[in-house]
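Trainee: Could you walk me through how to read the features of a protein model, one at a time?

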Amino acid sequence: MTKKIAVLTEVYNEAGCLEEVLNQFVLPEGAELFIVDDGSTDGSYEIASKFTPHVYRHCINIGQGAAIITGLRAIIEENRFDVVVHLDSDGQHDPSQIKEFADEIINTDYDEIQGSRVLGTVESMTPMRKFFLPYFIPFCSELFKKNRAKRFSAKALFSLAQSKLLNHG
């Protein structure tokens, strides 16, 4: 059975780069894009609407977390998706990795996969962050005993989740 993939991104006043970033999205075959505009005042909503019919809008800016929740609720209400790939739309994440993350979650039994700014090469990271984060993340993972989670090196940080909430079958 082919798994249905939803790709979620949120925007807030990203009109200056949004079209260029969305043009770089490489969606796996059959995947659908969901965009939440978190109260933009610069035309981001209109740009997003050119790329997908699944655009949701907050009338005021209420934050990235709330925008992600709005998007996940919309995806869950559709009741047809097995996997959600989330990434930011401001150009800091590499949208060409969407398919890589989707393939990884579909072909494993992981419930969540996250890219890492710590693993691999990151030129802009401070020396202190480079030193402490590789120890801090495994410590937290061990402390909270996350089941069936995998971290691997990625150019961007975005998460991909296959949630029991999305399980419609």
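Here is a conversation that goes from the overall fold down to single residues.

Mentor: Happy to! Keep in mind that this is a predicted model.

Trainee: Let's begin with the fold. How many helices and strands does the chain have?

Mentor: There are 5 helices and 7 strands. Along the sequence they run in the order β-α-β-α-β-α-β-α-β-α-β-β.

Trainee: What share of the contacts joins residues at least 24 apart?

Mentor: Taking contacts between residues at least 6 apart in sequence, 74% join residues at least 24 apart.

Trainee: And what about burial and surface? What percentage of the residues counts as buried?

Mentor: The chain has 169 residues, and 38% of them count as buried. It exposes about 9800 Å², with carbon and sulfur atoms supplying 54% of that area.

Trainee: Now the interior. Which residues have the most contacts inside the largest nonpolar core?

Mentor: That core has 21 residues, and Ile5, Val7, Phe25, Ile35 and Val85 have the most contacts inside it. Several elements give two or more residues to this core: strands S1 (5-11), S2 (32-38) and S4 (83-86), together with helices H1 (18-24), H2 (44-49) and H4 (98-106). H4 gives the most, with 4 residues.

Trainee: Could we zoom in on one of those residues? What does Ile35 touch, leaving out residues up to four places away in sequence?

Mentor: Ile35 touches Thr9, Val11, Leu22, Ala48, Thr52, His54, Val55 and Tyr56. There is also a second, separate core of 9 residues, which includes Leu8, Phe34, Ala67 and Phe81.

Trainee: Aromatic rings next, please. How should I describe a pair of them?

Mentor: Two values describe a pair of aromatic rings: the distance of the centres and the angle of the planes. In this chain the count comes to 2 aromatic pairs.

Trainee: Are the rings of Phe34 and Tyr56 stacked or edge-to-face?

Mentor: Their centres are 6.4 Å apart and their planes are at 0°, so this pair is stacked. Phe34 lies in strand S2 and Tyr56 in strand S3 (residues 55-58), so the pair ties together parts that are 22 residues apart in sequence. As for burial, Phe34 has 0% relative accessibility and counts as buried, whereas Tyr56, at 27%, counts as partly exposed.

Trainee: What kind of pair do Phe34 and Phe81 form?

Mentor: Phe34 and Phe81 form an edge-to-face pair, at 5.5 Å centre to centre with 85° between the planes. This pair links distant parts of the chain, with Phe34 in strand S2 and Phe81 in the loop between helix H3 (64-78) and S4, 47 residues apart. Phe81 has a relative accessible area of 1%, so it is buried. Ring pairs thus join Phe34, Tyr56 and Phe81 into a cluster.

Trainee: Rings can also sit under charges. Which ring has the charged end of Arg57 over it?

Mentor: The ring of Tyr45: the charged end of Arg57 is 4.3 Å from its centre.

Trainee: Let's try a polar side chain. Where is His58 found, and is His58 buried or exposed?

Mentor: His58 is found in strand S3. Its relative accessible area is 10%, and under 20% means buried, so His58 belongs in that class. The side chain of His58 makes a polar contact with the side chain of Thr70, at 2.7 Å. Setting aside neighbours within four places in sequence, His58 is in contact with Val36, Asp37, Asp38, Gly39, Ala66, Ala67 and Thr70.

Trainee: What separates the C-alpha atoms of Ile76 and Ala6?

Mentor: These C-alpha atoms are separated by 9.9 Å, while the two residues are 70 residues apart along the chain. Ile76 is found in helix H3 and is partly exposed, with a relative accessible area of 34%.

Trainee: One last topic: the backbone. What should I expect for phi?

Mentor: Most residues other than glycine have a negative phi. With that in mind, look at Asn13, where phi is positive, near 50°. Asn13 is found in the loop between S1 and H1, and at 28% relative accessibility it counts as partly exposed.

Trainee: What is phi of Asn79 near?

Mentor: Phi of Asn79 is near 55°, again a positive value in a residue other than glycine. Asn79 lies in the loop between H3 and S4 and is partly exposed, with a relative accessible area of 48%.

Key: Residues are numbered from 1 along each chain as its sequence is written. This is a predicted model: local features need pLDDT of at least 70, side-chain atom pairs count only at pLDDT 80 or more; totals for chains, interfaces and linings use all residues. Side-chain values use heavy atoms; hydrogens and water are left out. Buried means under 20% relative accessible area, exposed over 50%, partly exposed in between (1.4 Å probe, protein chains only). Contact means heavy atoms within 4.5 Å. Accessible areas come from the Shrake-Rupley method with a 1.4 Å probe; for residues, only the protein chains shown count as cover. A nonpolar core is a set of buried Ala, Val, Leu, Ile, Met, Phe, Trp, Tyr and Cys residues joined through side-chain atoms within 4.5 Å. Rings of Phe, Tyr and Trp (its six-membered ring) pair if their centres lie within 6.5 Å; planes under 30 degrees apart count as stacked, over 60 as edge-to-face and the rest as tilted. A charge sits over a ring if NZ of Lys or CZ of Arg is within 6 Å of the ring centre and within 35 degrees of the ring normal. A polar contact is a pair of N or O atoms within 3.5 Å; within protein, one must be able to donate a hydrogen and the other to accept it, and residues adjacent in sequence count only if both atoms are side-chain atoms.
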